[in-house]
Amino acid sequence: MIFRKLMVAGTLVAILPAPVMADINIGVIASLTGPAAALGADTRRALALFPERIGDEKVNFILLDDATDPTNAVKNARKLISEDRIDALLGPNLISNAIAIADIANTAQTPMVSVAPLNVEGDGRRYVFRSEPSADIMVQRIVRDMQARGAKTVGFIGFADSWGDLLWNALQTQTEGKLDIVASERFGRADASVQAQVLKLLAAKPDVVFVGASGTPAVMPQITLRQRGYKGPIYQSHGVTSKDFLRVGGKAVEGALIPVGPVLVAEQLPDGHPNKTVATAFVQALEGRHGPDSRSTFAGASWDAWLLLQDAILAAQRQQIRPGTPEFRNALRDNLEQTDGLVGTNGVYRMSAADHAGYDPEAVVLITVEDNRWKLVP
């Protein structure tokens, strides 16, 4: 702590303490290229709205591309921590990449707010937080809708990776005692066709189909199902809600049913929804900068990750802890863990030592694609 000094009647007197100001450095890892580039693009759009200063301190955001590759995500995290000496890490977009760098954040004692819904337990969660709701919360919402539509059976087709595994496990958990899963197929993010998998799905005659994928690759199963004459409801995961999904899918994704955070349909929310005010303000700022329909849940999740970090930074500033120090990083970690009722664009967050997500499941809404636009399902 540095004290200002004042000469009074020949005597040097120390008066109010003045904290030393220093830059705050935030590392951002996103998938700007590769199969998940649409997700990274949304993080970049949100990043353009992040503030340049918090109080008297400048904030530097260092954005690195992981190219949809966990190996690159690890390299980026190590560089940001060891060379750029970041105070906190925001991102990445993919759960596989988030899992790959979670241990690095913990080892370096650098708080990380993931935009992907990774789930870590025990000591593995100490410095790791997230702004995205769990797959279980989201799948719970669509299973409730499946039941409301009278479905008895469901078929699954999803990525052959950790994201697909997460959604598959959530579907198994949420349908237990409610619906029968009659088929399960997998495909790669970069696969050129899912014809064989879709034929197996159709042979099982499911009442509804759940596509456990994300981004634009999630379009292919829906296109193929419709081309092959499937008439039943098709549910997509919350990982598809970007403008590129609508552009690539076109008419084939009309009627898709998707559980989402409320930011995507901010203006359509009922007035009593807790996130309507924050979500609407964010959408106006985002579309004011990037154009109409540039909103997405991924942009919202990235913004919420920043809101969580910003809240923790403000608390550390009140504690007069200097950025760039282990004490500052630990203060951010502690303050994140004490988040209580932070209202974001996609949910309300209340964290604790046992819960580093703290997402209120009541915030989740169901939407559909109608006339190539997102529409709230009442």
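Two worked exercises follow, one on a sheet and one on a helix.

The model is predicted, so local features need pLDDT of at least 70 and side-chain atom pairs count only at pLDDT 80 or more, while totals for chains, interfaces and linings use all residues. Residues are numbered from 1 along each chain as its sequence is written, and side-chain values use heavy atoms, with hydrogens and water left out.

**Exercise 1.** Work out which strands stand at the edges of the open sheet.

*Solution.* Begin with the order, β4-β5-β3-β6-β7-β8, in which six strands form an open sheet with mixed pairing; strands are DSSP runs (E, at least two residues), and two of them pair if DSSP finds at least two bridges between them. Next, β4 (53-54) and β8 (128-130) each have a single partner strand, so one side of each is left without a neighbour in the sheet, and these are the edges. Further in, β3 (residues 24-30) pairs with β6 (residues 88-90) in the parallel sense over three bridges, where Gly-27 has Leu-89 as its bridge partner.

**Exercise 2.** Determine how the buried residues of α2 are placed around its axis.

*Solution.* First list the buried residues (under 20% relative accessible area, with exposed meaning over 50% and partly exposed in between, for a 1.4 Å probe and protein chains only): in α2 they are Ala-73, Val-74, Asn-76, Ala-77, Leu-80 and Ile-81. These residues cover an arc of only 165 degrees, which puts them on the same side of α2, the arc being that of the directions from the helix axis to the C-beta atoms. Finally, turn to the other side of α2, where Lys-75 and Arg-78 are exposed.

Definitions and conventions:
Helix = DSSP H or I, 4+ residues; strand = E, 2+ residues; numbered from the N terminus.
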